[in-house]
Amino acid sequence: MKTLALAFAPLILTAGPVAAQTHDHSSHVAPAQTPAADPHAGHDMSGMQMAPAAAPVQTPAPDPHAGHHMNHGAAADPHAGHDMGGMQMAPAAAPAQTPAPDPHAGHHMNHGAAAADPHAGHDMSGMQMAPAAAPAQTPAPDPHAGHHMDHGAAAADPHAGHDMGGTASAIPDIPTSADAVGGRLVQASPPPAAKAGPAHAADLLFDPSIMAAARKQLLAENGDVRTTAVLIDSLEAGFGEGSDSYSWKAQGWSGGDINRFWWKTEGEGVFNGRLHDAEVQALYSRAVAPFWDVQAGVRQDFRPGGKDTTYLTAGVQGVAPYWFEVNAAAFLSTQGDLTARVEAEYDLRLTQKWILQPSVEAALSASDTPELQLGSGLTSVKAGLRLRYEIRKEFAPYVGVEWGRSFGDTADYVRVHGGAVEDTRLVVGIRAWF
């Protein structure tokens, strides 16, 4: 019997508490556990705002330590001694997935002497927490987020002490031809020191006589080029009411760009008849401006009946604006007779091959010269229009018309000798140069 009683003794002891649990516990206070200490106890939370909790997609798993009093030792509050009055908690963004619960939420982690606070001694009063962006996954927390990182002397400014007031980006003021009068920049005079040494610095290193010969050769090859040209302005035949006639006009030069010897010749006559007149000029020509030469020399006229005349000649020749070719000259004969002649022509390019050339020539005399059949004033005018075709640049045949008339006392002399005061002719000829 004792043996049986000993065998049922454990069952009887277990049944007692079970039966007790079936009773009403409303009057019992469950001394289940001591509530966990508030982790922010003693902190000044007056200026903080708690972020609204995000609605989780699923109910998170219960914290296995919820409600437990984890007083395993005095754990230091990580924010102990911090002034949290000016901080605001950032609203938590709704995560795409339910974040894992903080295993230490609500726990009083007093395990003893805690590790030193990494922010101890930092002034956190003026900081605001930045709102967290909604990440696709929970990012790792920034260890320095919201910290005042004044850990000592800041890195030196690389521009410290530099005067940055005049570093504004500006286009350099470089003078151009647009700033100069007439489109040409005004060249400043060289400083006096530039002319203190010898005229040629190479003479200090080499024999001056050898360098002088080298400079002379350089001038001859590059700046003193000698050229020769012959231009036949017209070599033509004329057909009109009177006798068929012929005429020529040509000129040429030999020399450099500045100084040249220039010659000119022209004349006219009738077929199966005598030469009416001819002249030849020998001139010294000097360039005085771009496209303009001053010329001076002698002129010799040849006429039938021993009326040859010699003249001193002075004039200008060049290209006027809009490409008008101009030739003007005055002639003083050995008998003291003064005459002048002005010619102008213009090339109107219709195509690369066809050129229309109008021309005009006027002759004047300062006095009456009966032996030359010239009266004072305007003696004659000739105007022509010629159309040429350039087979090559150096050779072009042409056809045209020329009109001429005598004026004043000169017209009277022409009538007395049986000539025509006014004449219009069809002309055919060639123009060439080489």
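These exercises work through a predicted model of one protein.

Two conventions apply throughout. Numbering starts at 1 along each chain as its sequence is written, and side-chain values use heavy atoms, with hydrogens and water left out. Because the model is predicted, local features need pLDDT of at least 70 and side-chain atom pairs count only at pLDDT 80 or more, while totals for chains, interfaces and linings use all residues.

**Exercise 1. Describe the overall make-up of the protein.**

Step 1. Take the secondary structure. The protein has three helices and 13 strands. These are DSSP runs, numbered from the N terminus: helices are H or I with at least four residues, strands are E with at least two.

Step 2. Take burial. Of 434 residues, 22% are buried. Buried means under 20% relative accessible area, exposed over 50%, and partly exposed in between (1.4 Å probe, protein chains only).

Step 3. Take the surface. It amounts to about 29,900 Å², and carbon and sulfur atoms hold 63% of it. The areas come from the Shrake-Rupley method with a 1.4 Å probe; for residues, only the protein chains shown count as cover.

Step 4. Take the contacts (heavy atoms within 4.5 Å). Of those between residues at least 6 apart in sequence, 51% join residues at least 24 apart.

**Exercise 2. Find where the predictor's confidence is low and where it is high.**

Step 1. Start with the mean. pLDDT is the predictor's confidence in each residue, from 0 to 100. Its mean over the protein is 75, and 57% of the residues reach 70 or more.

Step 2. Rank the elements. Helix H1 (residues 2–21) has the lowest mean pLDDT, 46, and S10 has the highest, 98.

Step 3. Inspect two stretches. Residues 1–7 have pLDDT below 50 and zero contacts beyond near neighbours in sequence. Residues 148–154 also fall below 50, but this stretch has five such contacts.

**Exercise 3. Locate the largest cavity and characterise its lining.**

Step 1. Set the search. On a 1 Å grid over the protein atoms alone, a cavity is a set of points where a 1.4 Å probe fits but cannot get out; lining residues have an atom within 4 Å of a point. Grid points are joined across faces, edges and corners, and a volume is the space filled by probe spheres set on the points.

Step 2. Count and size. One cavity of 30 Å³ or more turns up. The largest cavity holds about 40 Å³.

Step 3. List the lining. It consists of Asp-233, Ile-355, Gln-357, Arg-386, Leu-387, Arg-388, Tyr-398 and Arg-431. Strands S10 (354–365) and S11 (377–389) each give two or more residues. S11 has the largest share, three.

Step 4. Sort by class. There are three nonpolar, one polar and four charged residues. Ala, Val, Leu, Ile, Met, Phe, Trp, Tyr, Cys and Pro count as nonpolar, Asp, Glu, Lys and Arg as charged, and the others, Gly among them, as polar.

**Exercise 4. Assign burial classes to Glu-361 and Leu-364, and list their contacts.**

Step 1. Place them. Glu-361 is in strand S10. Leu-364 is in strand S10 too.

Step 2. Classify Glu-361. Its relative accessible area is 17%, so Glu-361 is buried. Beyond four places in sequence, Glu-361 touches Lys-249, Arg-341, Val-342, Glu-343, Ser-380, Val-381 and Lys-382.

Step 3. Classify Leu-364. Its relative accessible area is 38%, so Leu-364 is partly exposed. Beyond four places in sequence, Leu-364 contacts Thr-339, Ala-340, Gly-377, Leu-378 and Thr-379.

How values were computed:
On a 1 Å grid over the protein atoms alone, a cavity is a set of points where a 1.4 Å probe fits but cannot get out, and a pocket is an open set with protein on both sides within 12 Å along at least five of seven lines; lining residues have an atom within 4 Å of a point.
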